[in-house]
Amino acid sequence: MFFEIDPVLHAGWQLPSYVIALWLGRKNPYCVVIPVINEGSRIRNLLDRMIKEKISNIADIIIVDAGSTDGSLELSMLKERGVQGLLVKSGQGKLSSQLRCAYAFALDNGYEGVVTIDGNDKDDPEAIPRFIDALREGVDFVQASRFIPDGVAENTPKIRDFAIRWIHAPILSLFSGFHWSDTTQGFRAYSRKMLIDPEIAPFRDLFETYELLAYLSYRAPKLHYHCMELPTVRRYPGSGEVPTKISAIKGNLALLKILFKACLGYYDPLLKSG
């Protein structure tokens with residue numbers, strides 16, 4: 001079933017400004033959104049792996065850039081690797097702002113669901129077809145998990161592993177009413193129905209950094225959307241620089257603050273009655 005967007009609600013969506021640097025049109029009912037910022041060779045590696053998995057045959061690939069300056073998004077390279085769209089955010093905010101741009105663009109272009117995968121090449125895109133199958137079967141929210149049977153967690157930093165397993169996932173599970181095992185990574189899928197729901201209301205300016213991830217994991221189960229986890233592979237490099245935008249202390253404390261605000265209903269929309 002295709003869910004139309006209420007034009008009155010659409011008019012109220014708050015979105016950062018962005019430029020459409022590449023758009024070759026919609027080919028598939030679903031799309032894969034890849035948020036990036038200065039990913040260097042990692043985004044090329046991810047796209048090459050997506051070619052191997054023939055992802056462009058089942059979903060359109062849309063990259064949303066936060067303003068990369070490393071030359072990693074040359075248009076001819078993207079076209080050669082099957083990318084259908086490149087959005088470049090120029091407005092305020094980080095990850096959640098990027099996602100708002102891309103999700104709104106996807107909905108406006110008629111996609112029935114969206115898969116999101118990080119552009120830093122830590123996640124294995126071989127799972128994307130299973131995410132899309134779940135959306136086709138009526139699941140509204142699919143979360144990747146490296147911690148359930150058949151999932152793989154390789155070289156995860158110890159502090160990150162501990163925080164997810166013993167703090168972030170248990171707290172979100174308690175407050176949302178759904179048993180989550182892996183709640184901080186962005187490899188996910190959402191149905192169109194869920195993204196346009198005014199009781200979800202993801203298109204608000206208070207979602208700038210990592211708020212949208214924690215909020216949706218809390219809010220969707222509370223509203224009885226069909227949620228599930230699927231096993232995936234998430235590999236960190238064995239040595240050298242760890243590809244993450246979250247600093248060890250300040251960044252993780254910020255994530256905890258966002259977590260508690262989400263679970264206490266801070267991000268819930270204030271819906272007008274009658």
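Arg-100 is buried, with a relative accessible area of 2%; buried means under 20% relative accessible area, exposed over 50%, and partly exposed in between (1.4 Å probe, protein chains only). This is a predicted model, in which local features need pLDDT of at least 70 and side-chain atom pairs count only at pLDDT 80 or more, while totals for chains, interfaces and linings use all residues. Residues are numbered from 1 along each chain as its sequence is written, and side-chain values use heavy atoms, with hydrogens and water left out.

Arg-100 lies in helix H4 (residues 95-108). Helices (H or I, at least four residues) are DSSP runs, numbered from the N terminus. The side chain of Arg-100 reaches the backbone oxygen of Arg-204 at 3.4 Å. Not counting residues up to four places away in sequence, Arg-100 touches ten residues' worth of surroundings that include Gln-14, Phe-203, Asp-205 and Leu-212; contact means heavy atoms within 4.5 Å.Leu-212 is also among the buried residues of H8. Helix H8 (residues 211-222) has 12 residues, which should span 16 Å at 1.5 Å a residue, and its end C-alpha atoms are 17 Å apart, which agrees. The expected span is 1.5 Å times one less than the number of residues. Of the 12 residues of H8, 11 are buried, so the helix is largely enclosed by the rest of the structure. Just after H8, His-224 takes a positive phi of about 65°.

The structure holds 0 disulfides, a disulfide being a pair of cysteine sulfur atoms within 2.5 Å. Two cysteines are listed below.

| Cysteine | Nearest cysteine sulfur | Relative accessible area |
|---|---|---|
| Cys-101 | Cys-31, 14 Å | 0%, buried |
| Cys-263 | Cys-227, 14 Å | 4%, buried |

Technical notes: Helices (H or I, at least four residues) and strands (E, at least two) are DSSP runs, numbered from the N terminus. A polar contact is a pair of N or O atoms within 3.5 Å; within protein, one must be able to donate a hydrogen and the other to accept it, and residues adjacent in sequence count only if both atoms are side-chain atoms.
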